[in-house]
There are 2 protein chains.
Amino acid sequence: MSKDSEYLNRLQDYYAEWKNIPSYAKLCEVFGIASKSWVKAILTRLADADFIERTPDGRWIPTRQFFSRPHAESTVQAGMPVSVTATQGEYFVIDEMLVDTPSKTTLITVKGDSMVDAGIQDGDVAVVEKRLTANIGDIVVAIVDNDFTLKTLDKENGAFILRPANPAYPVIRPQGTLEIFGVLIGLVRKYKR
Amino acid sequence: MSKDSEYLNRLQDYYAEWKNIPSYAKLCEVFGIASKSWVKAILTRLADADFIERTPDGRWIPTRQFFSRPHAESTVQAGMPVSVTATQGEYFVIDEMLVDTPSKTTLITVKGDSMVDAGIQDGDVAVVEKRLTANIGDIVVAIVDNDFTLKTLDKENGAFILRPANPAYPVIRPQGTLEIFGVLIGLVRKYKR
DNA sequence: TTGACAACAGAACAAACGTTCTTTATATTG
DNA sequence: CAATATAAAGAACGTTTGTTCTGTTGTCAA
């Protein structure tokens, strides 16, 4: 049982690199053991624990749970340091956390720094749910005069306006069409190594 | 050439359902043909077109391009807006983008606003790769006097210091132990609906 | 000290797999 | 109409795969 989580880790790392679950022979290498039959026993237990499953052809494939990451709720404090409990327990799948409706969700890379004060930087990836309406205060991807732009939706004298979150940029007061492409529901940033 | 895109479609559909590329025999079914050698010829062409590739073990795996969808909205750009990159694939697109080594990656919810100027807000989820060393300039999760904290690592007079990204917070100059828990490699934010 | 169990190793084997080579049918093109 | 390319079928074959069954080793409790 305890060793199985180590085997799972190795399998996850292998999968992250190669995007498949290899043959038993290869898994002997990955796991650092010499017996194919034992590899099978391990995989069977991982399947019982619902980390992997088999296709009708008998090939092993990962389940959703395979991609879950340990989540240390409120362990880290970015403000004043505070005593902390150990990390354990909860697991999260990043995609499930951000995406509710895959067919309506699209990823858009943010260009420019017009939303820096909202914590949205150049190069961040916005998770956008495509829909035609939004509420005041939502951060929306709008199509203004045939251009996509990411701004906060607001209302001024009965007309919709788009507020940047950066004083260096002007408020956009669309004359003519203000078409909503979608609403910002998530944000992803990757730091380069 | 023209038929290959049909075969690619079928392969994409199969992959979406089973998350792997099956044997040549199975692909005969999927493609609706009867010849394994022709399957191989097709896959070889798809590999030349960079939709799939092979692991060192000879197994076929999809490339990034395999998941890319033709996006109808062509590149609209001007001013300060955005570029659109639509993606297919229900799960683990974002995960794959952020996580290189699953076994060393953990998620931590950020508390406080000491890093707001770095675009890190209260409630954001930090994607942290656990390791003991970091470079100057990295944003790290450090253990200072038994407390976790998220700060930028810097050096001052030969000693490591932790800089917040908010002038309202003081620079931390650890006397005694400065232990690195991990390095920030990604950030995820979810906007409430 | 013995017995039981968990954690592996190893061998044996049929079925499946990928590869290569040869052949055939259908279009295309000049 | 002939030459040629494309799209596939099919057979042959050595290798790999998953599976099952039988051993081996270490540990720990009775």
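**A hairpin, a chain-to-chain contact and two DNA strands**

Biologist: In the hairpin of E8(A) and E9(A), which residue takes a positive phi?

Modeller: This is a predicted model, by the way. The hairpin has 2 residues between its strands. A positive phi near 55 degrees turns up there, and the residue that takes it is Asn157(A).

Biologist: And how many bridges join E8(A) to E9(A)?

Modeller: The two strands, with E9(A) covering residues 159–163, run antiparallel. Lys155(A), for one, has Phe160(A) as its bridge partner in E9(A). The count joining E8(A) to E9(A) is 5 bridges.

Biologist: Over to the two protein chains: how much area do chain A and chain B bury between them?

Modeller: Chain A puts 77 residues into the contact, and chain B puts in 74. Carbon and sulfur atoms carry 57% of the buried area. The area itself is about 7,200 Å².

Biologist: Which residue of chain A forms a salt bridge with Lys26(B)?

Modeller: Between chain A and chain B there are 3 salt bridges. In the one formed by Lys26(B), the closest N and O atoms are 3.9 Å apart. That pair counts because the cut-off is 4 Å. The partner of Lys26(B) is Asp57(A).

Biologist: Which element gives the most to the side of chain A that touches chain B?

Modeller: Polar contacts link 23 residue pairs across the two chains, both residues at pLDDT 80 or more. Elements giving two or more residues to chain A's side include helix H1 (2–18), strand E3 (69–77) and strand E10 (178–190). With 9 residues, the top contributor is E3(A). By class, that side has 19 polar residues, 19 charged residues and 39 nonpolar ones, but the name you asked for is E3(A).

Biologist: In E9(B), which residue stands opposite Arg189(A)?

Modeller: E10(A) is joined to E9(B), residues 178–190 of chain B, by 5 bridges. The two strands run antiparallel. Facing Arg189(A) in E9(B) is Leu187(B).

Biologist: Now the DNA: how far is a polar backbone atom of Ala34(B) from a phosphate oxygen of DNA strand D?

Modeller: DNA strand D has 14 residues around it, and Ala34(B) is among those that come nearest, as are Tyr24(A) and Trp38(B). Sugar and phosphate make up 58% of the strand D atoms within 4 Å of the protein. Tyr24(A) has a polar backbone atom 2.8 Å from a phosphate oxygen of that strand. For Ala34(B), the distance is 2.5 Å.

Biologist: Which element supplies the largest share of the surface near DNA strand D?

Modeller: Both chains take part, with H2 and H3 of chain A and H1 and H3 of chain B each supplying at least two residues. The surface divides into 6 nonpolar, 4 polar and 4 charged residues. The largest share, 3 residues, comes from H3(A).

Biologist: On DNA strand C, a base oxygen is 2.6 Å from an N or O atom in which side chain?

Modeller: Here too 14 residues surround the strand, the closest including Ala34(A), Ser37(A) and Trp38(A). Of the strand C atoms within 4 Å of the protein, 61% are sugar and phosphate. Trp38(A) has a side-chain N or O atom 2.7 Å from a sugar or linking oxygen. The side chain 2.6 Å from a base oxygen belongs to Ser37(A).

Biologist: And which element gives the most to the surface near DNA strand C?

Modeller: Tyr24(B) places a polar side-chain atom 2.8 Å from a phosphate oxygen of this strand. H1 and H3 of chain A, plus H2 and H3 of chain B, each give two or more residues. Giving the most, with 3 residues, is H3(B).

Terms used:
Residues numbered from 1 in each chain as written. Chains lettered and ligands numbered in written order. Predicted model: local features only at pLDDT ≥ 70, side-chain atom pairs only at ≥ 80, totals over all residues. Heavy atoms only, no water. Contact = heavy atoms within 4.5 Å. Buried area = accessible area lost by both parts, 1.4 Å probe. Salt bridge = Lys/Arg side-chain N within 4 Å of Asp/Glu carboxyl O. Polar contact = N/O pair within 3.5 Å; in protein donor to acceptor, adjacent residues only side chain to side chain. Helix = DSSP H or I, 4+ residues; strand = E, 2+ residues; numbered from the N terminus. Nonpolar A, V, L, I, M, F, W, Y, C, P; charged D, E, K, R; others polar. Pairing = 2+ DSSP bridges. Near = heavy atom within 4 Å.
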